Amino acid sequence: AFESHGRDAICVPAHVAPADLTDWWAGTKRARNIDGLIVTVPHKFSAYALCASATERAQFVQAANTLRRRPDGRWHGDMCDGLGYVQALIEQGADPRGKSVLVVGSGGAGSAIAHAVVVAGARHVHIHDADVRRRDARIARLQSLAPDRVSAGKPQAMGHDILINATPTGMQAHDPLPLDLTGLRPQQTVGCVITSPAVTPLIARAREQGCPTVTGADMFAQVRELMAR
């Protein structure tokens, strides 16, 4: 992606434990040839606090998955997960505009995706999270944008046009499905944010039922292009 945009850059992985993030950041930002960071689980909310400024979507979600160093040395944050996922849905012929969408999970990725589908004009967005306090806080914030289009939902397929798993459930072979697929129809689109495995049990089951699917890799392909620009 860097090469295709003419960027003289490489991406180097850093494995940082949550307890070490503050110390790691204190040293990393002193390296003058580091112009950006791509942030993943579990650091997206913590990364937002490292930013001197941020885009509107990052401010709304209070999380960041992309940080860039500005010419004055300050760091600017963005949250591309939601925008990338909506674009991936559109690429698969599942534009969320006018649709009923279920988002399971209200962490960094789930919050960004819920915000993006609301902004994209979804008819209604239902959010489920086992952490009820976190779910309700996210719903209340989204209702400030769309009072009548956001509410709590059950983790089940029936009644929705688009189903998105934004939790880590499915990363391990023994994980249960993150939502009940009883009554799933081929007209429904099923998505998952997990990139490894490339095809989660949820996506595999949806494909068996003839449903269009959007994988974590589909999302990341769109996010990667956004980050490289």
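By class, how many nonpolar, polar and charged residues does the lining of the second largest pocket have? In this predicted model, the lining has 7 nonpolar, 2 polar and 2 charged residues. The pocket holds about 150 Å³ of space. Its lining is made up of Glu56, Arg57, Val61, Met79, Gly82, Leu83, Val86, Ala112, His115, Ala116 and Val119. Three helices each supply at least two of these residues: helix 3 (56-61), helix 4 (81-91) and helix 5 (108-119). Helix 5 gives the largest share, with 4 residues.

Helix 1 was examined next. This helix spans residues 21-28, and its buried residues are Leu21, Trp25 and Thr28. Viewed down the helix axis, the buried residues fall within an arc of 70°, so they line one face of helix 1. Thr22 and Asp23 lie on the other side of the helix and are exposed. The buried residues of helix 1 pack against two kinds of element. The strands are strand 1 (36-38), strand 3 (66-69) and strand 4 (75-78). The helix is helix 2 (44-48).

Salt bridges were then searched for across the whole structure, and 6 were found. One of them joins Asp161 to Arg123, with the closest N and O atoms 3.8 Å apart. This pair links distant parts of the chain, the two residues being 38 residues apart. Asp161 sits in the loop between strand 7 (150-152) and strand 8 (162-165). Arg123 sits in the loop between helix 5 and strand 6 (124-128). Asp161 has a relative accessible area of 27% and is therefore partly exposed. Arg123 is also partly exposed, at 46% relative accessibility.

A further salt bridge pairs Arg134 with Asp129. Here the closest N and O atoms are 3.0 Å apart. Asp129 counts as buried because its relative accessibility is 7%, under the 20% cut-off. Arg134, at 37%, counts as partly exposed.

Arg135 and Asp136 also meet through their side chains in a salt bridge, at 2.8 Å from N to O. In this pair the arginine is the buried partner: Arg135 has a relative accessible area of 16%. Asp136 is partly exposed, with a relative accessible area of 37%. Thus a buried aspartate, Asp129, meets a partly exposed arginine, Arg134, in one bridge. In the other bridge, a buried arginine, Arg135, meets a partly exposed aspartate, Asp136.

Notes. Residues are numbered from 1 along each chain as its sequence is written. This is a predicted model: local features need pLDDT of at least 70, side-chain atom pairs count only at pLDDT 80 or more; totals for chains, interfaces and linings use all residues. Side-chain values use heavy atoms; hydrogens and water are left out. Buried means under 20% relative accessible area, exposed over 50%, partly exposed in between (1.4 Å probe, protein chains only). The arc is that of the directions from the helix axis to the C-beta atoms. Contact means heavy atoms within 4.5 Å. On a 1 Å grid over the protein atoms alone, a cavity is a set of points where a 1.4 Å probe fits but cannot get out, and a pocket is an open set with protein on both sides within 12 Å along at least five of seven lines; lining residues have an atom within 4 Å of a point. Grid points are joined across faces, edges and corners, and a volume is the space filled by probe spheres set on the points. Ala, Val, Leu, Ile, Met, Phe, Trp, Tyr, Cys and Pro count as nonpolar, Asp, Glu, Lys and Arg as charged, and the others, Gly among them, as polar. A salt bridge is a side-chain nitrogen of Lys or Arg within 4 Å of a carboxyl oxygen of Asp or Glu.
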